[in-house]
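Colleague: I would like to learn how to read a fold from a model. Could we go through one together?

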Amino acid sequence: MKVRKTKFSVSKKYYFRIQLEFENEGYKDIGETMFKFAVQQAVKNLCGEIGESFVDVLKYDPLFREAILVTCERFRVQLHGALTLFNCYENKRCAFRIHQISSNLMNLVSDSRRIGLPIKSV
């Protein structure tokens, strides 16, 4: 009797914490759909229409225009390049700031640079 083995591999996910900044504060409030469209435009400009399907917005904060994106391991480098090269949204100069990249979502939450420690006066 011949036993057939199959390999099952789960694609590793990578999480990006990014922020969209405009020159001269072009847009004050940008909604989640507009933010996702800007991310898709960045990916489409570099990778074409196929690349758009590999990125998803997990969480978006409209106050700071900051989001957490998720992508698969094999698309991580392309997403990083697309976000870095993006520079114009609706004829307004802008840039994506990539604050953190992690393979574990919990690492994005425990960022020591964002912790506000109380200062006691002596």
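**Reading the fold**

Modeller: Tyrosine 60 stands opposite alanine 67 in strand 3. Keep in mind that this is a predicted model.

Colleague: How many bridges join strand 2 to strand 3, and how do the two strands run?

Modeller: Strand 2 and strand 3 (residues 66-72) are antiparallel, with six bridges between them.

Colleague: In what order do the strands of the sheet lie?

Modeller: Order in a sheet is read across it, and order in the chain is read from the N terminus. Here the sheet is open, and its five strands lie in the order 2-3-1-5-4 with antiparallel pairing. At the edges are strand 2 (55-61) and strand 4 (88-89), each of which pairs on one side only.

Colleague: Which strands does helix 1 touch?

Modeller: Helix 1 (residues 32-47) packs on the sheet and touches strand 1 (13-22), strand 2, strand 3, strand 4 and strand 5 (92-102). The direction of helix 1 makes about 145° with that of strand 2.

Colleague: And along the chain, in what run do the elements come?

Modeller: Starting at the N terminus, the run is β-α-β-β-α-β-β-α. That comes to three helices and five strands.

Colleague: At what angle do the axes of helix 1 and helix 2 cross?

Modeller: To read a helix pair, take the distance between the axes and then the angle. The axes of helix 1 and helix 2 (residues 76-85) come within 8 Å and cross at roughly 110°. Because angles of 65 to 115 degrees count as roughly perpendicular, helix 1 is roughly perpendicular to helix 2.

Colleague: Which residues make that contact?

Modeller: Helix 1 gives Ala42, Val43, Leu46 and Cys47, while helix 2 gives Gln78, Leu79, Gly81, Ala82, Leu83 and Leu85. By type, the residues of this contact are eight nonpolar, two polar and no charged.

Colleague: Which residues touch the most other members of the largest nonpolar core?

Modeller: That core has 25 residues, and those touching the most other members are Ile18, Leu20, Phe35, Leu69, Leu79, Leu83 and Phe96. Strand 1, helix 1, strand 2, strand 3, helix 2 and strand 5 each give two or more residues to this core.

Colleague: What is leucine 79 in contact with, leaving aside its neighbours within four places in sequence?

Modeller: Leucine 79 is in contact with Phe16, Val43, Val55, Leu69 and Thr71.

Colleague: And what share of the whole chain counts as buried?

Modeller: Of its 122 residues, 33% count as buried. Among contacts between residues at least 6 apart in sequence, 70% join residues at least 24 apart.

Technical notes. Residues numbered from 1 in each chain as written. Predicted model: local features only at pLDDT ≥ 70, side-chain atom pairs only at ≥ 80, totals over all residues. Heavy atoms only, no water. Pairing = 2+ DSSP bridges. Helix = DSSP H or I, 4+ residues; strand = E, 2+ residues; numbered from the N terminus. Contact = heavy atoms within 4.5 Å. Axes fitted to C-alpha atoms, helices over the stretch in contact; angles between N-to-C directions. Parallel < 35°, antiparallel > 145°, perpendicular 65-115°, else oblique. Nonpolar A, V, L, I, M, F, W, Y, C, P; charged D, E, K, R; others polar. Core = buried A, V, L, I, M, F, W, Y, C linked by side-chain atoms within 4.5 Å. Buried < 20%, exposed > 50% of the residue type's maximum accessible area, 1.4 Å probe, protein only.
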